[in-house]
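Subject: Structure handover

Dear colleague,

Here is the structure you were expecting. My notes on what was found in it follow below.

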Amino acid sequence: MKTFDTHTDIWYDVSLKKEKGKNDVLRTYHLPRLKSGNVWGINAAVWTNPKIENPMDKFLQMLGARSEQIKLMNHEDFVFAQTHTQIVDALKNDKVAVISSIEGLIGIGKNIDFIVTLYELGFRIMSLTWNEVNDLAAGCGCDDASKGLNDLGKEAIKIMEKLGIILDISHLSEKSFWDVIKIVQKPVIATHSNVFSLCPVPRNLKDEQIKVIAQAGGLIGISALPQIVDRENPTIEKVIEHITYVANLVGIDHICLGFDFSDYLKTDESLKNTVQKQTTGLEDTTKVPALIELLEKNGFTQKEIEKISWYNFFNFLKDNLG
Ligand SMILES: [Zn+2]
């Protein structure tokens, strides 16, 4: 059964490896792994680490690395999809569909008009922040509960909605989340967030947040990132618990899978401490079929699994891409 991964940091990996002189990373490294995991769609994020000295530089470097990959690929193995039709065509031709997204807009600073430029470059999903507080909003790493979405962030959302860019609310602080919910006109997605009741960390979503996302037709992408699966013992079984919890709370139709596999980022000095361990049984893309199998064993029907692994996100893109 094919899977659409609603969050991967592949562009970050591409830029790291490019710094070390490796080119064509998407095809030579990631493609065989995606195929082995039966992953035929990915939402690939450009993530800017806010902790580094000059995030804007890194952001531009990653945009360049991404463009180079697209050029190198010649569309032989991947389709860099900006529309739903392009995803359908990718599947028909046995190619992997790649949606491009921005994880945290710190790289644009206050220049929100640059969102239009990013749209022109093919980016179709964006989140305002990673964990940090930036010019648009407060991320979930912010200790000050009074900080949320600011005026520039509100303008950014208006631009995104006008263009047909999907808003990703993963990583927002709780205050930012509720500020966002007050103003959005379109459904939102949490591309990679789990259940707070099962793993109480600021990155995860409380029941009321999950409900309000679902009520508006949005999606929650359940993640394999160990820190948000379980603080002590992250396992594939625990990932099933997160999926089951959301299914019971709001129904199957609002679940997708945003793994956030980080196994390939271990080599990066600044990330060494965050990617030490992986979720047992779901360590990387090649293990996705094990999750599908375990969903079956836990009583999910074929139709339900197909929705979770592919169709919910696929149809969401059909309805919400501009
Ligand atoms: Zn993330």
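To start with one helix: I10, W11, Y12, D13, V14, S15 and L16 of α1 are buried. That makes seven of the 10 residues of this helix, which runs over residues 10–19, so α1 is largely enclosed by the rest of the structure. Just after α1 comes G21, with a positive phi of about 90°. Please keep in mind that the model is predicted.

Now the chain as a whole. Its secondary structure consists of 12 helices and nine strands. The radius of gyration is 18 Å, which agrees with the value near 20 Å that a compact globule of 322 residues would have. Along the principal axes, the C-alpha atoms fill a box of roughly 50 × 45 × 40 Å. Buried residues make up 48% of the 322 in the chain. If we take contacts between residues at least 6 apart in sequence, 72% of them join residues at least 24 apart.

On the interior: the largest nonpolar core has 92 residues, and W11, A97, V98, L105, M126 and I220 have the most contacts inside it. Helix α12 (residues 302–320) gives this core its largest share, seven residues. In soluble globular proteins, nonpolar side chains tend to be buried together. W11 thus appears twice in these notes, being buried in α1 and listed among the core residues with the most contacts.

What does M126 touch, leaving out residues up to four places away in sequence? Its contacts are S101, I102, L105, M160, I165, L167 and D168.

Regards

Notes. Residues numbered from 1 in each chain as written. Predicted model: local features only at pLDDT ≥ 70, side-chain atom pairs only at ≥ 80, totals over all residues. Helix = DSSP H or I, 4+ residues; strand = E, 2+ residues; numbered from the N terminus. Rg over C-alpha atoms; globule rule 2.2 N^0.38 Å. Buried ≥ 20, exposed ≤ 12 C-beta atoms within 10 Å, placed from the backbone. Contact = placed C-beta atoms within 7 Å. Core = buried A, V, L, I, M, F, W, Y, C linked by C-beta atoms within 7 Å.
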